[in-house]
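Thanks for coming, everyone. I'll take you through one structure this morning, piece by piece. Have a look at it first.

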Amino acid sequence: MKIGVIGGGAWGTALAQVAARGEREVVLWAREPEVVAAINETHVNSVFLSAVPLPETIRATGDLGELRHCEALLVVAPAQHVRAVLSAFGSGTMPLVLCAKGIEAGTQLLVGEVAHAVHPNAPIAVLSGPTFAHEVAAGQPTAVTLACEDEALGARLAERLAGPAFRTYASNDVIGAEIGGAVKNVLAIACGVVEGAGLGQNARAALIARGFAEMTRFGLARGARAATLAGLSGLGDLVLTCSSTNSRNFSLGVGLGEGRAATELLADRRTVAEGAFTAPVLREAALAAGIDMPVCDAVCALLGGADVQDVVGALLARPLTREYG
Ligand SMILES: NC(=O)c1ccc[n+]([C@@H]2O[C@H](COP(=O)([O-])OP(=O)(O)OC[C@H]3O[C@@H](n4cnc5c(N)ncnc54)[C@H](O)[C@@H]3O)[C@@H](O)[C@H]2O)c1
Ligand SMILES: O=P(O)(O)OC[C@H](O)CO
């Protein structure tokens, strides 16, 4: 199965490396001409994943048309840009494996739903889990969920992408696999705030557990399965990103917790902290569905410039309630 990758950021590059294992050819579309040049000339993505030498079987291009002959595409553009990039690709029927984590602003659609709206005849799969790109690229052990409604296709994709240190677990819960990744980014910002404001490790553990309760409420309402939310793409990824400054979302939260403004923290950055874009959309969707998500609300308030101590105080002062509603 010849793989094309749409998106030359850190994750697109690491996944291209995964797909190229065994000297297989991979074509990677990158938006930045300097990324295309660096990969083709020096076999390193010096902009987004600089420490990792890439196999020569990965060829980069700035022309989406060069991915037309691929048998499956990994879509790794940031969530808010997936619609534009897939529209620019034109119509297609090859399987699309969505690897971005987010919810589209304006439509409240998950990335797989966006892809289906743009390419209604393409089978949709989702690859998600606790996966820092630099660790995957370094060959460190990693496990992911690969969800696809067409289970035979899902099994082929899982087999094609698996490697000695990259385990793919098949699932048919596409919505569940997506919701974990989207929501954990928002919760990782909250855990970063705890770190930045020096609120302690009890607070971080409480946020992970109560954040997971929010993820579960939202996920179940959208049709996700509880087991998926408790798996790699949900709880697994939540634990990873809520405990490490290697997470861009957690790091953004650290800055907010230190009292810096989101506008300052987000200005001029080339890398994406998806939670900043997902948080307001998630809040909107949760409000519309009557789902209580106080941690996500708090993250929205902080991104909007609210004072950290005020937000933390308000969160703690809510009426006491039962642990399970
Ligand atoms: N980096 C990771 O460890 C990792 C792991 C799993 C999932 N993801 C997800 O993968 C997705 C891509 O993240 P990344 O880490 O590869 O990106 P990155 O932060 O390394 O790089 C930013 C990417 O955004 C792209 N971009 C910026 N503006 C754009 C536009 N207008 N149109 C299209 N693309 C644009 C850039 O070309 C670049 O590919 C995100 O949804 C992220 O949550 C990342
Ligand atoms: O750096 P983050 O916060 O975007 O996290 C990267 C991946 O999603 C971790 O699984």
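Start with helix α14: its buried residues are V295, C296, A298, V299, C300, L302 and L303. Keep in mind that this is a predicted model. The helix runs over residues 294–303, and seven of its 10 residues are buried, so α14 is largely enclosed by the rest of the structure.

What covers those buried residues? The cover includes α7 (174–196), α8 (201–221) and α11 (248–257). It also includes α12 (262–266), α13 (274–289) and α15 (308–316). After α14 comes G305, with a positive phi near 105°.

Now step back to the domains. The domain assignment splits the chain into domain 1, residues 3–172, and domain 2, residues 176–316. Their centres, taken over C-alpha atoms, are 24 Å apart. How many residues does each domain give to the contact? Domain 1 gives 22 residues, and domain 2 gives 22 residues.

Look at the domain 1 side. The elements giving two or more residues there are α4 (111–118), β6 (124–128), β7 (142–148) and β8 (166–171). The most comes from β7, with four residues. By class, this side has 13 nonpolar residues, eight polar and one charged.

Let's follow those strands, starting with β6. Five of its five residues are buried. In a regular strand the side chains alternate between the two faces of the sheet. And here both faces of β6 are covered. On one side sit I124, V126 and S128. On the other sit A125 and L127. All of these are buried.

Which strands pair with β6? On one hand there is β5 (96–98), which runs parallel to β6 and is joined to it by three bridges. Within that pairing, L98 stands opposite V126. Between these two strands the chain passes through α4, in a right-handed β-α-β crossover.

On the other hand there is β7, antiparallel to β6, with four bridges joining them. L127 has L146 as its bridge partner in β7. V126 stands opposite A147. So V126 turns up twice: opposite L98 in β5's pairing, and opposite A147 in β7.

Strand β7 is mostly covered too, with six of its seven residues buried. Its pairing with β8 is parallel and spans six bridges. There, V144 stands opposite T168. From β7 the chain goes through helix α6, residues 151–161, to β8. That β-α-β crossover is right-handed as well.

Next, the annotated positions. These come from UniProt, from an unreviewed entry. One "binding site" annotation lists K101, G129, T131, K184, D237, S247, R248 and N249. Another covers W11, R31, K101, A133, R248, V272 and E274. K101 and R248 appear in both.

Take K101. It sits in the loop between β5 and α4. Is K101 buried or exposed? It is buried, because 30 other C-beta atoms lie within 10 Å. Leaving aside neighbours within four places in sequence, K101 contacts A79, S128, G181, A182, N185 and E274. S128 is one of the buried residues of β6.

Now the other lysine on the first list, K184. K184 lies in helix α7, which is part of the cover over α14. With 33 C-beta neighbours inside 10 Å, K184 counts as buried. Its contacts, again leaving aside neighbours within four places, are M215, D237, L238 and T241. D237 is on that first list as well.

Two from the second list. V272 lies in the loop between α12 and α13. It is buried, since 23 other C-beta atoms lie within 10 Å. Beyond four places in sequence, V272 touches P78 and R248.

E274 lies in helix α13. It has 23 C-beta neighbours inside 10 Å, so E274 counts as buried. Leaving aside neighbours within four places, which residues does E274 contact? They are P78, A79, K101, G102, N185 and N249.

Put the last few side by side. K101 and E274 contact each other. A79 and N185 are contacts of K101, and both are contacts of E274 too. P78 touches V272 and E274. That's my tour; over to you.

Note on methods: Residues numbered from 1 in each chain as written. Chains lettered and ligands numbered in written order. Predicted model: local features only at pLDDT ≥ 70, side-chain atom pairs only at ≥ 80, totals over all residues. Buried ≥ 20, exposed ≤ 12 C-beta atoms within 10 Å, placed from the backbone. Contact = placed C-beta atoms within 7 Å. UniProt positions renumbered as here; feature names shortened; annotations may be inferred. Domains from an automatic or database assignment. Nonpolar A, V, L, I, M, F, W, Y, C, P; charged D, E, K, R; others polar. Pairing = 2+ DSSP bridges. Right-handed = clockwise from strand over helix to strand, strands pointing away.
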